[in-house]
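Here are a few notes on this one, jotted down while clicking through it. Have the structure open as you read.

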Amino acid sequence: MSTQDSRHYDIIVSPVITEKATSASEHNKVVFKVAAKATKPQIKEAIEKLFDVKVKGVNTLVRKGKTKVFRGQFGSQSDTKRAVVTLEEGHRIDVTTGL
């Protein structure tokens with residue numbers, strides 16, 4: 001594995017498997033958790049290299065962490081950055097098979 005390949009694995013953290021993400025997969029969209037400092041061009045390059053697909057577009061969002069109270073102590077979950085990747089027609093990524 002070259003340094004370029006390991007950089008791609010640092011950008012893409014994990015796939016997101018939720019009801020909303022599953023319904024989006026019917027429209028050629030896949031949702032991933034990504035590194036907080038990752039840019040759209042970096043995400044596009046990483047997805048194309050790792051999954052051997054053609055990416056049409058990338059939309060990103062930052063999901064704010066929830067605040068929780070446990071035994072009187074306040075804490076918060078970390079913010080997570082997510083990327084909604086739209087694939088070209090004819091290309092698919094099936095993230096549910098890796099489970």
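1. Start with the sheet, keeping in mind that this is a predicted model. It is an open one, built from 4 strands that run in the order E1-E2-E6-E3, with antiparallel pairing. Strand E1 (12-15) and strand E3 (55-63) sit at the edges, each pairing on one side only. From one strand to the next, the twist averages 30 degrees.

2. Now look at the E3 and E6 pair. These two are antiparallel and share 8 bridges. If you want a landmark, Leu61 stands opposite Arg82 in E6.

3. Helix H3 packs on the sheet, where it touches E1, strand E2 (29-34), E3 and E6. The direction of H3 makes about 120 degrees with that of E3.

4. The length of H3 checks out: its 12 residues (40-51) should span 16 Å at 1.5 Å a residue, and the end C-alpha atoms are indeed 16 Å apart.

5. Which residues of H3 are buried? They are Ile43, Ala46 and Ile47. These cover an arc of only 100 degrees around the axis, so they lie on the same side of H3. That fits the usual rule: an α-helix has 3.6 residues a turn, so residues three or four places apart point the same way. Pro41 and Lys49, on the other side of H3, are exposed.

6. Just after H3, have a look at Asp52, which takes a positive phi of about 55 degrees.

7. Last, Thr86, which belongs to strand E6 (residues 80-87). Its relative accessible area is 18%, so Thr86 counts as buried, the cut-off being under 20%. Beyond its neighbours within four places in sequence, Thr86 is in contact with Asn28, Lys29, Val55, Lys56 and Gly57.

How values were computed
Residues numbered from 1 in each chain as written. Predicted model: local features only at pLDDT ≥ 70, side-chain atom pairs only at ≥ 80, totals over all residues. Heavy atoms only, no water. Buried < 20%, exposed > 50% of the residue type's maximum accessible area, 1.4 Å probe, protein only. Contact = heavy atoms within 4.5 Å. Expected span 1.5 Å × (residues − 1). Arc of directions from axis to C-beta. Pairing = 2+ DSSP bridges. Axes fitted to C-alpha atoms, helices over the stretch in contact; angles between N-to-C directions.
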